[in-house]
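Grab your viewer and work through these exercises at your own pace. Try each task before you read its solution.

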Amino acid sequence: MGSGPMLVRANGRIEPILTKYVRSYSAPVTDAIPVSKRKFVPTSGTYPKGFLAVGIHVGVKATTKKQTPDLALLVSEKPCSATAVFTKNKFQAAPVTVSRQVLERQSGEGIRAIVVNSGCANAVTGKGGLDDASSMARAVDACFKASPGHIPAAGQGQGSNMDASSTLVMSTGVIGQRLPISKVLSAIPTAYSTLSTTHDHWLSAAKAICTTDTFPKLLSRTFSLPSSPGTIYSLAGMTKGAGMIHPNMATLLGMLFTDAPIPTTTLRPLLKHAVDRSFNAISVDGDTSTNDTLAFLANGAAGGNPITSLTSEDGKAITEIVTAFTQQLSQLVIRDGEGATKFVRVRVTHSPSFADAQKIASTIARSPLVKTALYGKDANWGRILCAVGYTEGLSPGAVVPEKTSVSFVPTDGSGVLQLLVRGEPENIDEQRAAKILEVEDLEILVDLGGGEDGKGTEEASYWFCDFSHEYVTINGDYRT
């Protein structure tokens with residue numbers, strides 16, 4: 001029996017006194033950003049022309065802190081081309097259904113806004129949840145009209161009928177609970193009236209979409225295109241997520257905005273290419289949310305030549321820019337993984353195909369044994385190799401044990417530590433391995449040696465974190 005405090009009952013039975021432990025992670029108990037994470041929060045930004053943002057407090061979250069924002073509104077002054085990718089979880093949340101229908105019925109054109117609440121996922125909430133999601137969209141639509149005070153009453157949305165809406169809806173939080181929709185709808189005109197282009201307003205929107213995140217995830221950058229070298233474009237993005245992260249499209253929630261002229265027919269393949277190499281290449285815990293949505297809006301406000309093909313010079317340039325940007329944005333989710341102490345990139349090289357490489361990288365990233373070994377600073381490369389070996393859906397000859405190598409690539413610039421070379425184990429310097437694993441950042445390199453025919457040249461990367469005791473504490477305590 002343990003040595004903790006004990007209780008002697010009247011019947012003489014001795015039982016341990018159960019203690020209610022206070023979780024020690026940083027969010028959402030306080031608004032304070034951990035010192036180690038502050039470097040990831042921008043103090044300024046360059047945001048796309050014609051877009052405005054704000055985050056306000058509504059009271060959706062179960063918190064007594066009234067300054068904590070939980071409703072974000074992002075609006076374009078002119079109609080946008082838009083596209084989005086959504087969760088493949090079969091229990092898709094009401095906002096996913098509503099936003100998908102808006103995009104389909106508008107053919108991705110004429111989108112003006114995204115409204116997001118945190119604290120309640122509005123998932124598995126039946127027809128009432130659909131009514132709530134559509135009411136949120138129509139409340140924002142009403143703000144664009146001559147009588148912005150005309151807001152639908154609670155429960156008076158049009159269900160899944162979202163003809164002519166120009167607003168996408170996102171929600172995140174606890175599954176299976178209804179939104180306090182009256183609070184949300186009454187606050188939307190206030191949010192609309194306080195929209196602005198300032199960095200603080202963009203940051204408030206990024207804060208408003210957070211749940212267990214310990215810091216808001218916001219990025220922005222400028223760029224130019226070959227056909228318009230004198231035109232400066234901007235790209236901004238925000239995302240949220242720290243747990244339930246193993247996307248089959250995106251991570252929990254994410255939004256991209258640009259003032260470059262990109263029609264929907266180009267925007268769709270551009271986002272898919274970028275997402276496959278970023279938001280679809282991260283994992284915290286292997287769980288795919290009911291609410292995952294990543295939307296991309298382009299309003300063309302900066303002018304220039306429309307990008308009508310990804311094979312053009314402009315198309316190639318924007319593909320590289322957006323892919324690198326989404327990788328950087330999605331990696332912030334891993335930096336904030338619940339209870340994480342490690343930021344790990346697994347890179348699979350010399351694969352017969354990109355698909356094979358990505359499947360192997362994904363399997364390694366999802367392995368609890370790999371993740372716990374990294375938390376314990378144990379250079380147990382056998383677990384990595386095991387994950388390679390049981391990866392499902394690979395093409396014949398993709399993995400040949402006698403050609404496979406595994407290495408640790410330190411982030412301090414020192415030499416690669418080879419663990420397995422062409423199927424043969426190396427005599428590992430355990431002290432050096434332990435030193436490498438003391439550092440927060442690590443790269444795991446898996447070289448397939450070209451596969452069976454030796455001609456494979458494709459590679460893929462996945463970014464993930466470790467599993468710690470803290471992850472269990474956070475998720476065991478999520479609703480309490």
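Helices here are DSSP runs of H or I with at least four residues, and strands are runs of E with at least two, both numbered from the N terminus. One caveat before you start: this is a predicted model.

**Exercise 1. Place a serine**

Task: Find which helix holds Ser-135, and decide whether Ser-135 is buried or exposed.

Solution. Start with the residue ranges: helix H2 covers residues 126–143, and Ser-135 sits in it. Next, the cut-off: a residue is buried when its relative accessible area is under 20%. Ser-135 comes out at 0%, so it counts as buried. Finally, look for a partner from elsewhere in the chain. Ile-181 is 46 residues away from Ser-135 in sequence, yet their C-alpha atoms are 8.4 Å apart in space.

**Exercise 2. Get the overall picture**

Task: Work out how many helices and strands the chain has, and what share of its residues is buried.

Solution. Count the elements and you get eleven helices and 17 strands. Then go residue by residue: of the 480 residues in the chain, 55% are buried. The accessible surface adds up to about 20,300 Å², with 52% of that belonging to carbon and sulfur atoms. Last, check the contacts. Take those between residues at least 6 apart in sequence, and 79% of them join residues at least 24 apart.

**Exercise 3. Trace the strands from S7 to S9**

Task: Say in which sense strands S7 and S8 pair, and over how many bridges.

Solution. Strand S7 spans residues 217–225 and strand S8 spans residues 228–240; they pair antiparallel, over eight bridges. One pair to click on is Phe-223, whose bridge partner in S8 is Tyr-233. The connection from S7 to S8 is a hairpin through two residues. Now carry on to the next strand: S8 also runs antiparallel to strand S9 (residues 253–258), and six bridges join them. For a concrete example, Lys-240 has Leu-253 as its bridge partner in S9.

**Exercise 4. Order a sheet**

Task: In the open sheet of seven strands, find the strand order and the edge strands.

Solution. Walking across the sheet gives S10-S17-S12-S16-S13-S14-S15, and the pairing is mixed. The edges are strand S10 (282–283) and strand S15 (424–425), each of which pairs on one side only. Zoom in on S13 (residues 405–409) and S14 (residues 417–421): these run antiparallel and share three bridges. Ser-407 has its bridge partner in S14, namely Gln-418. Now add the helix. H6 (residues 313–335) lies across S10, S12 (343–351), S16 (441–447) and S17 (458–465), and runs at about 35° to S17.

**Exercise 5. Follow the salt bridges**

Task: Starting from Lys-217, find which residues are linked with it in a network of salt bridges.

Solution. The structure holds twelve salt bridges. Begin with Asp-213, whose side chain meets that of Lys-217 at 2.8 Å, N to O. Asp-336 makes a salt bridge with Lys-217 too, at 2.7 Å. Asp-336 lies in the loop between H6 and S12 while Lys-217 is in strand S7, so this pair ties together parts that are 119 residues apart in sequence. Add Lys-37 and you have the network: Lys-37, Asp-213, Lys-217 and Asp-336.

How buried is this spot? Both Asp-213 and Lys-217 are buried; the relative accessible area is 0% for Lys-217 and 2% for Asp-336.

Now try another salt bridge, the one between Glu-443 and Arg-345, where the closest N and O atoms are 3.8 Å apart. Glu-443 belongs to strand S16 and Arg-345 to strand S12, so the pair ties together parts 98 residues apart in sequence. Glu-443 counts as buried at 13% relative accessibility, whereas Arg-345, at 27%, is partly exposed.

**Exercise 6. Find the buried side of a helix**

Task: List the buried residues of helix H8 and explain why they sit on the same side of H8.

Solution. H8 runs over residues 368–375, and its buried residues include Val-370, Lys-371, Ala-373 and Leu-374. These cover an arc of only 160° around the axis, which puts them on the same side of H8. The background is helix geometry: with 3.6 residues a turn, residues three or four places apart point the same way. To finish, step just past the end of H8, where Lys-377 takes a positive phi of about 60°.

Definitions and conventions
Residues are numbered from 1 along each chain as its sequence is written. This is a predicted model: local features need pLDDT of at least 70, side-chain atom pairs count only at pLDDT 80 or more; totals for chains, interfaces and linings use all residues. Side-chain values use heavy atoms; hydrogens and water are left out. Buried means under 20% relative accessible area, exposed over 50%, partly exposed in between (1.4 Å probe, protein chains only). The arc is that of the directions from the helix axis to the C-beta atoms. Two strands pair if DSSP finds at least two bridges between them. Contact means heavy atoms within 4.5 Å. Axes are lines fitted to C-alpha atoms, for helices over the stretch in contact, and angles run from 0 to 180 degrees between N-to-C directions. A salt bridge is a side-chain nitrogen of Lys or Arg within 4 Å of a carboxyl oxygen of Asp or Glu. Accessible areas come from the Shrake-Rupley method with a 1.4 Å probe; for residues, only the protein chains shown count as cover.
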